[in-house]
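Open the model in your viewer and show side chains as sticks. This tour goes from ring to ring.

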Amino acid sequence: MAQKTPIDQIIEKVVSQVLEGHLPKLRKDLVRRVLEEVQPHLGGSAGAVGSGSAGAADLLHAVLAIHAGTTQKEILRALLECTASYCGRAALFVIKAGSATGWQGRAFDNNEGLKDFSLDVSSRAPARVLQSRAAVSAGTSEMDPRFISQFGAPAEDQVLLLPLHLKDKVAALVYADAGTGAGGKMDAAALELLVAATSAWLEVASLRKQAVKEAEAGGGEKFEAPPVQTVSSFSDPFAGHAPKHAVAGPVAEEEPATAEATADVVSAPAAMAAAAAAPATDAFAHMSPEDADLHRKAQRFARLLMDEIKLYNQAKVAEGRKHKDLYDRLKEDIDKSRSTYHKRYGSTVAASADYFSSELIRSLAEDDVSLLGPNFHR
């Protein structure tokens, strides 16, 4: 693997900062965008939970319940619990080394029997899902006959298999049917939404956990993040899936992820890094190589923090410049970024230069300190 360049390292650090600072916004955006996609399917179709805002509200609560989880186990358990409103029975099978192994089930007569049940993925329905990477609705004749024999056929003779994507692979299959009793429920659109929301949130949770670990392992500041429960491989259904973006060398156990949920976040630091390139004239030439390198890193980091504030607060920045009260409008973001900067460089030789305040005035206030307002102090 090619050695990381300084720009690569800058990008990694900024991704960590962005993920940690904007996790609540990511959660809201994921819920909003997923609901926008599924909204056309919520009104009046057969088997729908409800129409209009009532169906959307129920789905919103279900997605939020899934997003309340912080570990793989919590997130997947929440997914299965939430399926109860949209189908009669549900189960999750983890895909590893080409095999599908039962993890947990809901509303089966023998939920315990599902654990470690080996589903035949060569059966027509599972094979179609794995090949197409899309949900498949099929008759029971297309399912593994051992599964139907052991757990019973649904009354409606119809099953739904949904792929749970993880790192460009189908990491699990979610099975659903209307149950063994007459008049059971099956809302395919809602179930697809819940599985898609679960995939996205697993990615966000994974990236967030990895960002914290990388920052701590790299000797940087320790993020003040909410505690993330660690789980053993035994309770972690996806423990065998290594993230594609993992750094070289030994790493701790990771949680799952899908890149789509964080595409906007990851693309932003690339632009930031370009803007944070070293100046054409070397202002640190008179320093020792070690001190000069530290000063450059501190200056670049301060610029990246300012770029992040501007990127996620464009309306506030515009209003703050107009009314000359930037600091009051952005106090929380500025103070948090200042604390992050000082944790990393406050006790180094670069501390006396105070690049954070300099970049705050130069970049955020456009070299006019009056735009920050009377409550700003260096």
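Is Y175 buried or exposed? Select Y175 and look at its surroundings: with a relative accessible area of 0%, Y175 is buried, because anything under 20% counts as such. Keep in mind that this is a predicted model.

**Stop 1: F147 and Y175.** Add F147 to the selection. The ring centres of F147 and Y175 lie 4.8 Å apart and the planes meet at 65°, so this pair is edge-to-face; the cut-off for that class is over 60 degrees. Now colour by secondary structure. F147 sits in helix α7, while Y175 belongs to strand β6 (residues 169–177), so the contact ties together parts 28 residues apart in sequence. F147 has 0% relative accessibility and therefore counts as buried too.

**Stop 2: F93 and F147.** Keep F147 and select F93. These two rings also form an edge-to-face pair, 6.0 Å centre to centre, with 70° between the planes. F93 is in strand β1 (residues 89–96) and F147 in helix α7 (residues 145–151), so this pair bridges parts 54 residues apart in sequence. Both F93 and F147 are buried.

**Stop 3: the cluster.** Extend the selection to F108, F117 and F151. Together with F93, F147 and Y175, they form a cluster linked by ring pairs. Across the whole structure there are 13 aromatic pairs.

**Stop 4: a charge over a ring.** Clear the selection and pick F301 and R344. What lies over the face of F301? R344 does, at 4.1 Å from the ring centre. Turn the view until you look straight down on the ring of F301 to see R344 over its face.

Methods:
Residues are numbered from 1 along each chain as its sequence is written. This is a predicted model: local features need pLDDT of at least 70, side-chain atom pairs count only at pLDDT 80 or more; totals for chains, interfaces and linings use all residues. Side-chain values use heavy atoms; hydrogens and water are left out. Rings of Phe, Tyr and Trp (its six-membered ring) pair if their centres lie within 6.5 Å; planes under 30 degrees apart count as stacked, over 60 as edge-to-face and the rest as tilted. Helices (H or I, at least four residues) and strands (E, at least two) are DSSP runs, numbered from the N terminus. Buried means under 20% relative accessible area, exposed over 50%, partly exposed in between (1.4 Å probe, protein chains only). A charge sits over a ring if NZ of Lys or CZ of Arg is within 6 Å of the ring centre and within 35 degrees of the ring normal.
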